[in-house]
Every structure is written in C-alpha cells, then in structure tokens.
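Q: I'd like to learn how to read a structure like this one. Can we go through it together?

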There are 2 protein chains.
Amino acid sequence: MTEAPRPPRTPHPRKPVRGSATGRPLMAALDLFGRRWTLRILWELREQALGFRPLQQRCDGMSSSVLRQRLTELQEARLVEHDTAGDYRLTPLGRDASKELRGLHQWSERWAAALEQAPSDNSDAQP
Amino acid sequence: MTEAPRPPRTPHPRKPVRGSATGRPLMAALDLFGRRWTLRILWELREQALGFRPLQQRCDGMSSSVLRQRLTELQEARLVEHDTAGDYRLTPLGRDASKELRGLHQWSERWAAALEQAPSDNSDAQP
DNA sequence: ACATTCTGCTTCGATTTTCGAAGCACTGGC
DNA sequence: GCCAGTGCTTCGAAAATCGAAGCAGAATGT
C-alpha cells in the first residue's frame with residue numbers, strides 16, 4: 001500500500017488541533033468553527049431540529065458531502081445529536097454555543113450600519 | 001488571454017457572499033469568520049497591536065500567504081487597520097467583534113468541562 | 001400491488017483554498 | 001560594510017470544498 005488515507009479529525013478540547021498543539025479549549029473551538037458551514041449549520045438548527053435534506057436546503061444547497069462531514073464533526077463534538085424522529089438537533093451544549101451566535105448576529109447588524117456610514121472610498125476597490 | 005485570475009472576494013454586509021445571495025449581514029459575517037485563521041487573528045489582536053511577523057508567530061507560524069490574505073480581508077471589512085507604527089490593530093468595529101470572541105472563549109471552557117464528564121464511549125472513535 | 005417521491009447518505013472527479021518554503025527589498029543596529 | 005529583522009510576494013504541492021450522480025429504504029399516492 002502506498003499511503004494510509006488518514007481520516008479527518010474532529011477538534012476536541014484538551015487535544016492538539018490544526019494550528020495549535022497546546023490543547024487549549026478555545027483553540028479547538030476556533031478550529032471547529034473556522035471550518036466552512038459550521039457556524040451556518042448551528043445557526044439554522046438554533047430553533048428547530050431538521051432532517052438532512054431540509055437542513056441542506058436551508059444552507060443554500062451546500063454540498064451534501066461537506067454537510068455530512070460537518071454533521072459528523074458536530075456530533076463527535078457533542079454539539080448536535082440525532083433525535084428519535086431522525087432529525088438533527090442541538091444538544092444543550094450546542095444551544096449554548098448558538099447563543100454566542102446570536103451575539104454575532106447582532107454584531108453583524110452593527111457592522112452593516114457602520115459600513116453604510118463609512119465614506120469608504122471604494123474607487124479602486126472590488127469591482 | 002485565457003482566463004482572468006479573478007481575485008478572492010472579501011465578504012461585505014448587504015452583498016451576496018459565498019453560500020448566500022440574500023445580502024443579510026449575518027451571512028457575510030459567517031462567510032468571513034468561517035475562513036480559517038480569521039477568528040484566531042482577531043483573538044490575537046484583541047488586546048495589542050502587532051506587526052506582521054510577530055502576529056504570524058502568535059498564530060503558531062501560520063502561512064504568511066494566508067495571513068496576508070486574511071489581513072487584507074479584515075482591513076477591507078474594517079475590522080483591522082494599519083496604525084502609524086506599522087502594526088496591525090483592531091478598529092472599534094473589530095474590538096466589538098472580539099468581544100463576541102470572549103463569549104466563545106468562555107463557552108469553550110464549558111465545552112471542555114462537559115466533555116470531561118461525558119462517558120463518551122470512545123472505544124472505536126478516533127485512534 | 002405498484003409506481004412515485006422523498007429521504008439519508010456515499011462516491012468521485014473537478015475546483016478552490018490552504019500550506020510552506022523560498023526569495024526580495026527595505027530598515028535599523030553595529 | 002555586514003547582519004538580523006522586518007513586510008510582503010511567488011509558486012508548486014497538499015488539503016478542503018464542491019457538485020453532480022447514484023443508491024437503498026421509507027413514506028405516499030392510486
């Protein structure tokens with residue numbers, strides 16, 4: 001055999017993660033939440049459990065392969081669980097995390113407001 | 001010419017972003033913060049301005065090309081600015097955002113505590 | 001019973017992102 | 001002059017992400 005196709009890792013507190021070997025819980029969280037779609041999934045699940053495809057649709061039709069990967073990670077991290085009806089829902093820990101997302105939501109509105117005021121000088125910026 | 005090497009886009013509120021065309025500020029924020037190292041950079045700058053290389057070192061020696069990209073994005077998003085001494089520092093908006101990160105920090109400690117209690121049944125989990 | 005739709009999920013090649021080592025020009029000691 | 005430390009760029013390689021396709025099982029309709 002040429003190379004063992006090593007499986008992707010789910011970040012856990014007290015363990016080394018991508019970008020930090022110290023095991024600090026925050027670093028594990030930053031690794032987890034810094035992956036594309038992770039925050040979005042928590043956001044969409046914040047107030048209702050959803051099945052795989054409905055969740056995929058809410059996430060603007062994100063790729064199913066990545067959705068599967070993210071759900072697995074979030075389950076291993078104990079933020080999400082599979083309920084008896086077969087839907088995905090936040091665990092208490094996940095709900096806790098999604099509350100922090102609400103703060104981000106409010107921040108984003110402030111951000112938008114601030115940028116709308118800024119003169120910003122976009123003459124040669126993004127076309 | 002064969003193909004214009006289109007430049008990467010910095011997410012902005014009120015504009016369509018990767019994964020959402022609605023222009024909702026939150027979606028822009030999720031795109032921005034869902035990129036690797038973005039949260040980490042805000043975290044490291046939260047209480048002090050830093051030059052390029054010192055910042056890179058604090059981020060566990062992250063790749064300089066990505067650091068450059070992230071700094072550009074964060075500057076375009078007005079979360080980070082270049083001060084007169086040549087260091088990178090958070091703008092008021094950036095400091096505001098970094099406060100939300102503190103919440104994430106606290107959450108991560110609760111996360112670690114919860115996982116330490118969980119029986120967790122890792123018999124066949126990650127090797 | 002049968003067909004149709006929806007579901008959760010997998011596979012796989014293509015595209016995009018991220019990495020990391022190297023290099024370059026500039027600055028400030030010494 | 002020399003040397004070390006900056007900010008930053010370039011570029012090939014590796015990894016993450018995409019997206020279209022397919023499949024088996026459950027629900028639904030007729």
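**Reading the features**

Q: Which residue lies over the face of B:Trp43?
A: B:Arg46 does, at 3.7 Å from the ring centre. The idea is that a charge sits over a ring if NZ of Lys or CZ of Arg is within 6 Å of the ring centre and within 35 degrees of the ring normal. Chain A has such a case too: A:Arg46 lies over the face of A:Trp43, at 3.7 Å from the ring centre.

Q: Before we go on, how should I read the names and values?
A: Residues are numbered from 1 along each chain as its sequence is written, while chains are lettered from A and ligands numbered from 1 in the order in which they are written. This is a predicted model, where local features need pLDDT of at least 70, side-chain atom pairs count only at pLDDT 80 or more, and totals for chains, interfaces and linings use all residues; side-chain values use heavy atoms, leaving out hydrogens and water.

Q: How many aromatic pairs are there over all chains?
A: A search of the whole structure turns up 4. One of them is A:Trp107 with B:Phe33, a tilted pair with 5.5 Å centre to centre and 45° between the planes. A:Trp107 sits in helix H5 (residues 92-117) of chain A and B:Phe33 in helix H1 (residues 25-33) of chain B, so this pair joins two chains. For the terms: rings of Phe, Tyr and Trp (its six-membered ring) pair if their centres lie within 6.5 Å, with planes under 30 degrees apart counted as stacked, over 60 as edge-to-face and the rest as tilted. Helices (H or I, at least four residues) are DSSP runs, numbered from the N terminus.

Q: Is A:Trp107 buried or exposed?
A: Buried, with a relative accessible area of 0%. B:Phe33 also counts as buried, at 2%. The cut-offs are under 20% relative accessible area for buried, over 50% for exposed and partly exposed in between (1.4 Å probe, protein chains only).

Q: What about the rings of B:Trp107 and B:Trp111?
A: Their centres are 5.1 Å apart and their planes are at 20°, so the pair is stacked. Both lie in helix H5 of chain B, 4 residues apart, about one turn of the helix. Together with A:Phe33, B:Trp107 and B:Trp111 form one aromatic cluster.

Q: Which residues come nearest to DNA strand D?
A: Of the 19 residues around the strand, they are A:Arg36, A:Arg70, B:Arg53, B:Arg68 and B:Tyr88. A residue is near a strand if one of its heavy atoms lies within 4 Å of it. A polar side-chain atom of A:Arg36 is 2.7 Å from a phosphate oxygen of the strand, and one of A:Trp37 is 2.8 Å from a phosphate oxygen. H4(A) gives the most to the surface near the strand, with 4 residues.

Q: Where is A:Arg70, and what does its side chain reach?
A: A:Arg70 is in helix H4 of chain A, and at 10% relative accessibility this residue counts as buried. Its side chain reaches the backbone oxygen of A:Arg36 at 2.9 Å. Leaving aside neighbours within four places in sequence, A:Arg70 is in contact (heavy atoms within 4.5 Å) with residues including A:Arg35, A:Trp37 and A:Ile41. A:Arg35 and A:Arg70 are 35 residues apart in sequence and 8.6 Å apart in space, C-alpha to C-alpha.

Key
Polar contact = N/O pair within 3.5 Å; in protein donor to acceptor, adjacent residues only side chain to side chain.
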